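The following note comments on one structure, point by point. Please read it with the sequence and the coordinates at hand.

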Amino acid sequence: MSVIERTPTTPFGAIAAYRLIDTIDHLAEAVRSYLSARATQRYLNALSDELLDDIGLTRGDIEEVAWSPARRVRVH
């Protein structure tokens, strides 16, 4: 005697809906990361050279410090 097992099928359109929601979620994360990096850069640029020196930064470091987390976010 043989046994037939059936695996449940995915409802029509569920995979496409999941991919769309996942893409929107990644896009929203990229936008949040971009806005955060812009705010960080603006804030650090407003500091005096003395304050930047106190936290161990120079004006040349600001762009890298502000944007490095935003560069890690990938939108697929």
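How many aromatic pairs does the count come to? The points below answer this first and then turn to the overall fold.

1. The model is predicted. In it, the count comes to 1 aromatic pair. The partners are Tyr 34 and Trp 67, whose ring centres lie 5.5 Å apart. Their planes meet at 50 degrees, so the pair is classed as tilted, given that tilted covers the planes that are neither under 30 degrees apart nor over 60.

2. Tyr 34 belongs to helix H1 (residues 14-46), whereas Trp 67 belongs to helix H3 (residues 62-71); the pair therefore ties together parts that are 33 residues apart in sequence.

3. The two partners should also be read by their accessibility. Trp 67 has a relative accessible area of 16% and is buried, because buried means under 20%. Tyr 34, at 40% relative accessibility, counts as partly exposed.

4. Concerning the fold, the protein has 3 helices and 0 strands, in the order α-α-α along the sequence.

5. The radius of gyration is 23 Å, against near 11 Å for a compact globule of 76 residues. The C-alpha trace spans about 85 × 25 × 15 Å along the principal axes. Of the 76 residues, 14% are buried.

6. As for the surface, about 6,500 Å² is exposed, and carbon and sulfur atoms supply 59% of that area. The protein carries 9 positive and 11 negative side chains, with the centres of the two sets 11 Å apart.

Technical notes. Residues numbered from 1 in each chain as written. Predicted model: local features only at pLDDT ≥ 70, side-chain atom pairs only at ≥ 80, totals over all residues. Heavy atoms only, no water. Helix = DSSP H or I, 4+ residues; strand = E, 2+ residues; numbered from the N terminus. Rg over C-alpha atoms; globule rule 2.2 N^0.38 Å. Buried < 20%, exposed > 50% of the residue type's maximum accessible area, 1.4 Å probe, protein only. Areas by Shrake-Rupley, 256 points an atom, 1.4 Å probe, with all protein chains shown as cover. Lys, Arg positive; Asp, Glu negative; His and termini not counted. Charge placed at Lys NZ, Arg CZ, Asp CG, Glu CD. Phe/Tyr/Trp six-rings, centres within 6.5 Å; stacked < 30°, edge-to-face > 60°.
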